[in-house]
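Please open the model in your viewer and keep the sequence panel beside it, since each stop on this tour begins with a selection to make.

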Amino acid sequence: MTTTAAPGAQALAYEWIKFRSVRSMVWTTVATAVLPVLGAVFVATTGSLQSDDTVLGGSLTLSVVAQMLAAVVGALVVTGEYSSGTIRTTFAARPRRATVLAAKAALVAGVMYVLALASCTLAYLVGDALLPEGRYAQGEPLPALFGIAASFAVAAVLGLAVGTLVRHSAGAVTTVIGLLLLPSLFGPLFGDAERWIAGLSPTAALEKLTQTSDAPADAVGSLGPWPSLLLVAAYTTVLTLGALALLRRRDV
């Protein structure tokens, strides 16, 4: 007796094969995982950590850059197929576009969550081992590290949604990096609303979770780290649903 895998499982397996077959995708993913650890080593060896910072925050100095790369990976998962034309083959093999997009979202979210959790945990342990004992506040790594990993997963899905909407690699990468950075850059232009505007960015949620001294309320919003992460996840979900609606309507 033979059994057939569920359509969702088949789609996920197909997406995984494509993901690990694209060299640029693999190297960008590797860079996402390596950057936080390199940042921890750099901060500890150069003594550049501020006195009011935490071991957790200092060790994850480059996590913001790594989160941007996670978003880029999410965008490339779909725009790469549009650029090469393989998206036609994908939709021919799997006509239900919702299943394809869901498989891509599950893949990038799962990969980035696991990698970020492992990488950021290692970065924290490295920083804790290299930084002078007792000189800096430790921070609270648990459950913050799980939220940090989740912020990477959300950023990747955000990149996927943008890539689905834009369909062009350069445009999608530029747009998603803008979404990560522009709220913080333009927040001061909104006066008293700065703390709300700046807090919309996925990087703001990440900085709150890392408990860095570079994330005061007037710069990254007054919401707590977990509500901020939930807010980012909520509008990412809405944007992804909008991308799905457009994906169903337009031609490949």
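**The buried salt bridges**

Begin by selecting lysine 18 and glutamate 81, which form a salt bridge whose closest N and O atoms are 2.8 Å apart in this predicted model. The two residues belong to distant parts of the chain, with lysine 18 in helix H1 and glutamate 81 in helix H4 (residues 63-84), 63 residues apart. Glutamate 81 has a relative accessibility of 6%, so this residue counts as buried, and lysine 18, at 18%, falls under the 20% limit and therefore also counts as buried.

Keep lysine 18 in view and add glutamate 15, because the side chains of these two residues meet in a salt bridge as well, at 2.9 Å from N to O. Both lie in helix H1 (residues 7-21), and because they are three residues apart there, about one helical turn separates them. Glutamate 15 counts as buried, with a relative accessibility of 3%.

Now return to glutamate 81 and select lysine 104, with which glutamate 81 forms a salt bridge whose closest N and O atoms are 2.3 Å apart. Since lysine 104 lies in helix H6 and glutamate 81 in helix H4, this pair ties together parts that are 23 residues apart in sequence. Lysine 104 is buried, as is glutamate 81. With Glu15, Lys18, Glu81 and Lys104 all displayed, you can follow one network, joined by salt bridges that share partners. A search of the whole structure finds four salt bridges.

**The cavity beside lysine 104**Which residues line the largest cavity? Select Val78, Ile87, Phe91, Val100, Leu101, Lys104 and Leu247, which together form its lining. The search of the whole structure finds one cavity of 30 Å³ or more, and the space in the largest cavity comes to about 30 Å³. Colouring the selection by helix shows that H5 (87-93) and H6 (97-130) each supply at least two residues of the lining, while the largest share, three residues, comes from H6. Colouring by residue class instead divides the lining into six nonpolar residues, no polar ones and one charged.

**A nonpolar patch on the surface**

For the last stop, switch on the molecular surface and select Val26, Trp27, Val30, Val34 and Leu38, which make a nonpolar surface patch of about 440 Å². Valine 26, one of these residues, lies in helix H2 (residues 23-46). Is valine 26 buried or partly exposed? Its relative accessibility is 31%, so valine 26 counts as partly exposed.

Terms used: Residues are numbered from 1 along each chain as its sequence is written. This is a predicted model: local features need pLDDT of at least 70, side-chain atom pairs count only at pLDDT 80 or more; totals for chains, interfaces and linings use all residues. Side-chain values use heavy atoms; hydrogens and water are left out. On a 1 Å grid over the protein atoms alone, a cavity is a set of points where a 1.4 Å probe fits but cannot get out, and a pocket is an open set with protein on both sides within 12 Å along at least five of seven lines; lining residues have an atom within 4 Å of a point. Grid points are joined across faces, edges and corners, and a volume is the space filled by probe spheres set on the points. Helices (H or I, at least four residues) and strands (E, at least two) are DSSP runs, numbered from the N terminus. Ala, Val, Leu, Ile, Met, Phe, Trp, Tyr, Cys and Pro count as nonpolar, Asp, Glu, Lys and Arg as charged, and the others, Gly among them, as polar. Patches are made of residues with over 30% relative accessible area and no salt bridge: like charges are joined within 9 Å, nonpolar side chains (Val, Leu, Ile, Met, Phe, Trp, Tyr) within 5 Å. Accessible areas come from the Shrake-Rupley method with a 1.4 Å probe; for residues, only the protein chains shown count as cover. Buried means under 20% relative accessible area, exposed over 50%, partly exposed in between (1.4 Å probe, protein chains only).
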